[in-house]
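Here is a short briefing to read beside the model. Start with the whole chain, then move to the strands and the ligands.

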Amino acid sequence: MLKPPHNHHHNHHHLIFSLLILFIHLPFSISTTATADIAALKSLKTFIKPSSIPPSSCISTWDFSSDPCLTPKRTHFICGLTCSPDSTRVISITLDSVGYSGSLTPYISQLTQLVLLDLGQNSFHGTIPSSLSSLSLLQSLSLSYNSFTGPLPSSIGNLKSLQDLDLSNNLLSGSIPNTLFSLSHLTRLDLSFNKFSGTLPAKLPPNLHELAIKANSLSGTITKTSFTELTQLETVELSGNSFTGVLQSWLFQLPALQQINLSNNSFTGVEIWRVGKKLSSLVAVDLGFNKIEGYLPVNLSEYPVLASLSLRYNRLRGPIPLQYSKKSNLKRLFLDGNYLSGTPPAGFFTGVGEESPVIGSFGDNCLLRCPPKSELCLPLQKPMSVCKKVYGGKMPRRN
Ligand SMILES: *[C@@H]1O[C@H](CO)[C@@H](O)[C@H](O)[C@H]1NC(C)=O
Ligand SMILES: *[C@@H]1O[C@H](CO)[C@@H](O)[C@H](O)[C@H]1NC(C)=O
Ligand SMILES: *[C@@H]1O[C@H](CO)[C@@H](O)[C@H](O)[C@H]1NC(C)=O
């Protein structure tokens with residue numbers, strides 16, 4: 001037999017429950033940011049020049065007379081940071097891009113629950129504090145488009161959770177630390193537009209999907225050891241450095257590679273083997289503005305999805321391979337500024353209304369009978385005298 005519900009008890013429970021709900025929702029009662037986090041935020045603000053903090057900016061709302069993680073936010077700490085759900089720890093800092101100027105406080109290291117730090121597109125200067133390495137939960141770090149100087153601290157290798165590192169467009173110098181290799185979760189590395197010198201690290205982080213170190217002062221050769229284990233690498237952007245040597249086939253055969261841009265370096269040769277039955281996802285290859293000698297790499301025409309190829313402004317000779325003209329998915333082909341000879345394959349000029357099926361240029365070479373009506377044949381070929389010199393006195397016969 002069921003007992004009748006005990007009314008008094010029931011109401012009592014209900015009241016306690018309601019109070020509990022009320023208690024959780026009252027902001028002033030429990031939310032308090034960790035003292036170390038408050039100190040770090042204060043220091044972050046103190047290191048920024050007051051005159052570079054506009055009135056309507058995020059940092060201007062960082063008023064420490066109230067608790068940073070307190071919710072709801074009405075007038076204070078309106079933007080620039082987020083806190084853990086229990087309002088005790090700062091978990092992300094994303095500053096607005098309003099031109100904050102100053103250096104980055106070393107006390108940033110006290111924000112040990114930080115997952116995301118983005119100070120991009122401001123005017124921070126000075127060095128990157130090596131204490132950053134205490135942020136062991138940090139997954140994404142962007143200091144791009146600032147004026148940071150000095151080296152990338154080798155302690156960066158301690159940021160074991162890092163997935164995305166963007167330090168592009170600063171004034172960082174010195175060599176790229178080998179400790180980057182220990183960042184086993186790093187999928188994107190962008191160090192472009194800095195002043196890094198020396199060679200590529202002996203071993204790159206193994207899970208990279210995207211490697212970008214454009215426009216720096218790196219030199220030396222591109223060695224296979226740097227790229228071992230990089231089975232997920234999709235994009236390689238190393239243009240605008242001083243790399244030398246002969247590019248070898250393994251590089252173009254990295255299993256996940258889609259785009260590679262090595263333009264504007266000092267490479268002297270390229271060797272590309274047949275892909276055979278291996279899968280290749282390679283879509284775009286840019287080797288323009290180097291010192292590559294020899295013939296056009298005919299084996300590239302076998303790469304199944306290659307759609308864009310530039311070898312412009314090198315020192316290539318010999319004919320344009322017939323295979324290139326038969327490759328129907330090739331849409332962009334820039335071969336201008338070499339010493340290519342012979343007659344370009346007719347297949348390039350069969351498009352409707354004399355338009356070529358590819359865009360690009362064969363100009364500024366030593367080609368014979370490049371149809372002048374075709375855009376592909378602009379600009380004009382080199383003067384005969386230049387070509388004769390290169391080919392040892394006499395022009396090569398047509399192919
Ligand atoms: C080559 O790189 C240098 C240095 O990064 C840059 O100043 C120049 O404009 C680049 N040239 C081309 C053709 O991309
Ligand atoms: C390769 O990089 C250079 C320099 O950043 C750029 O000008 C060029 O367009 C890139 N090539 C391709 C195919 O995107
Ligand atoms: C094409 O690839 C094969 C190996 O697959 C190689 O023996 C040959 O030298 C390559 N041809 C050129 C012109 O590089």
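Helices and strands here are DSSP runs, numbered from the N terminus: a helix needs at least four residues, a strand at least two. Counted that way, the chain has seven helices and 24 strands. Keep in mind that this is a predicted model.

**The chain as a whole**

- The chain has 399 residues, and 47% of them count as buried. Buried means under 20% relative accessible area.
- The exposed surface of the chain comes to about 19600 Å². Carbon and sulfur atoms supply 58% of that area.
- Take the contacts in the chain with a separation of 6 or more: 51% of them join residues 24 or more positions apart.

**Strands side by side**

- Strand S3 covers residues 101-103, and strand S5 covers residues 123-126. S3 and S5 pair in the parallel sense, over three bridges.
- To find one of these bridges, look at Ser 103: its partner in S5 is His 125.
- S5 also pairs with strand S7, residues 147-150. This pairing is parallel too, with two bridges.
- Gly 126 has its bridge partner in S7, namely Phe 148.

**Around ligand 2**

- Which residues surround ligand 2? They are Lys 214, Ser 239, Asn 261, Ser 263 and Asp 286.
- By class, this shell has three polar residues, two charged ones and no nonpolar ones.
- Asn 261 places a polar side-chain atom 2.3 Å from an oxygen atom of ligand 2.
- Asp 286 has a side-chain N or O atom 2.7 Å from a nitrogen atom of ligand 2.
- On its own, ligand 2 exposes 360 Å², and the protein buries 47% of that.

**Around ligand 3**

- Ligand 3 has four neighbours to locate: Ile 272, Trp 273, Arg 274 and Asn 299.
- Sorted by class, the shell of ligand 3 holds two nonpolar residues, one polar and one charged.
- Which part of Arg 274 lies 3.1 Å from an oxygen atom of ligand 3? A backbone N or O atom does.
- For Asn 299, the side chain supplies the contact: one of its N or O atoms is 2.3 Å from an oxygen atom of ligand 3.
- Alone, ligand 3 has 360 Å² of accessible area, of which the protein covers 43%.

Key
Residues are numbered from 1 along each chain as its sequence is written. Chains are lettered from A and ligands numbered from 1 in the order in which they are written. This is a predicted model: local features need pLDDT of at least 70, side-chain atom pairs count only at pLDDT 80 or more; totals for chains, interfaces and linings use all residues. Side-chain values use heavy atoms; hydrogens and water are left out. A residue is near a molecule or strand if one of its heavy atoms lies within 4 Å of it. A polar contact is a pair of N or O atoms within 3.5 Å; within protein, one must be able to donate a hydrogen and the other to accept it, and residues adjacent in sequence count only if both atoms are side-chain atoms. Accessible areas come from the Shrake-Rupley method with a 1.4 Å probe; for residues, only the protein chains shown count as cover. Ala, Val, Leu, Ile, Met, Phe, Trp, Tyr, Cys and Pro count as nonpolar, Asp, Glu, Lys and Arg as charged, and the others, Gly among them, as polar. Two strands pair if DSSP finds at least two bridges between them. Buried means under 20% relative accessible area, exposed over 50%, partly exposed in between (1.4 Å probe, protein chains only). Contact means heavy atoms within 4.5 Å.
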